Amino acid sequence: MLIAGFPAGAWGTNCYLVAPAAGEECVIIDPGHQAAEGVEEALKKHRLKPVAVVLTHGHIDHVASVVPVCGAHDVPAWIHPEDRFMMSDPEKALGRSIGMPLMGELTVGEPDDVRELADGAKLELAGLEFSVAHAPGHTKGSVTFRMPESADVPSVFFSGDLLFAGSIGRTDLPGGSMADMFGSLARVCLPLDDSTVVLSGHGPQTTIGRERATNPYLREVAAGQGAPAAPRRGM
């Protein structure tokens with residue numbers, strides 16, 4: 001399996017391209033702010049043909065390049081229905097203006113083909129399987145994508161802004177909820193095998209085992225307590 005990832009834009013949001021191998025079809029995850037050029041470079045480098053864009057949530061740092069990427073390759077975008085409005089109204093999603101100079105660089109709106117994600121769905125795209133889990137907390141429509149373990153590759157978990165290396169996503173923006181975040185961490189993350197590779201929306205790669213042992217939020221959720229005060233990431 002091939003996973004090509006890079007941080008993009010003002011918020012350093014991780015965008016991923018996932019394919020069975022070089023020279024095959026691929027899925028693009030979270031093409032955010034200023035990600036279009038990096039997507040095209042990765043497609044060319046690995047000789048990939050995109051078939052879909054899938055989104056972990058609707059914040060502008062994760063969806064800002066959806067319209068140009070989908071338009072350039074005539075592919076659909078998948079998003080949870082509770083976050084769909086954010087593609088067309090990013091400022092409402094943040095509860096404030098994100099700044100006129102930045103807004104001038106963005107193509108706000110929906111691509112021509114938008115499809116909605118549901119909890120428990122299994123997406124068969126580019127010869128790959130992605131299990132969808134609704135994981136509210138950072139936003140109401142946040143989701144994660146998990147790929148099953150294979151003979152030579154551990155399970156891969158695209159956590160969006162739910163779980164980071166050493167931290168979790170912020171919950172203080174509209175639609176955020178710390179109670180929902182704890183519930184999602186307990187329901188979605190804790191049951192995963194320690195060997196599961198975590199590729200998050202911001203920051204470095206980690207594993208569930210490492211986070212179970214060291215992440216103060218996940219440790220406290222596992223212990224059935226409220227999480228301690230600690231830095232959180234994401235828009």
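This report describes two sheets, the helices that pack on them, and the largest pocket of a predicted model.

Residues are numbered from 1 along each chain as its sequence is written. Because the model is predicted, local features need pLDDT of at least 70 and side-chain atom pairs count only at pLDDT 80 or more, while totals for chains, interfaces and linings use all residues; side-chain values use heavy atoms, with hydrogens and water left out.

**First sheet**

One open sheet has six strands in the order S1-S2-S3-S4-S5-S6, with mixed pairing. Strands here are DSSP runs of E with at least two residues, and helices are runs of H or I with at least four, numbered from the N terminus; two strands pair if DSSP finds at least two bridges between them. The edge strands, S1 (2–8) and S6 (114–116), each pair on one side only. From one strand to the next, the twist averages 25°.

The table lists pairings from both sheets.

| Strands | Sense | Bridges | Bridge or facing residues |
|---|---|---|---|
| S2 (13–19) and S3 | antiparallel | three | valine 18 and valine 27 |
| S3 (25–29) and S4 (49–54) | parallel | five | glutamate 25 and lysine 49 |
| S4 and S5 (77–79) | parallel | two | valine 54 and tryptophan 78 |
| S8 (128–134) and S9 (143–147) | antiparallel | four | alanine 133 and threonine 144 |

Between S3 and S4 the chain passes through helix H1 (residues 36–46), in a right-handed β-α-β crossover. Right-handed means that, with the strands pointing away from the viewer, the path from the first strand over the helix to the second runs clockwise.

Helix H3 (residues 66–73) packs on this sheet and touches S3, S4 and S5, where contact means heavy atoms within 4.5 Å. The direction of H3 makes about 145° with that of S4. Axes are lines fitted to C-alpha atoms, for helices over the stretch in contact, and angles run from 0 to 180 degrees between N-to-C directions.

**Second sheet and pocket**

Another open sheet of six strands has the order S7-S8-S9-S10-S13-S14, again with mixed pairing. At its edges are S7 (122–125) and S14 (206–207), each pairing on one side only. Helix H6 (residues 178–189) lies across S8, S9 and S10 (156–160), running at about 145° to S8.

The largest pocket holds about 160 Å³ of space. A pocket is an open set of points on a 1 Å grid over the protein atoms alone, where a 1.4 Å probe fits, with protein on both sides within 12 Å along at least five of seven lines; lining residues have an atom within 4 Å of a point. Grid points are joined across faces, edges and corners, and the volume is the space filled by probe spheres set on them.

Of the 13 lining residues, Ser131, Val132, Ala133, Arg146 and Val188 are the closest to the pocket's centre. S8, S9 and H6 are the elements that give two or more residues to the lining, and S8 gives the largest share, three residues. The lining divides into six nonpolar, three polar and four charged residues. Ala, Val, Leu, Ile, Met, Phe, Trp, Tyr, Cys and Pro count as nonpolar, Asp, Glu, Lys and Arg as charged, and the others, Gly among them, as polar.
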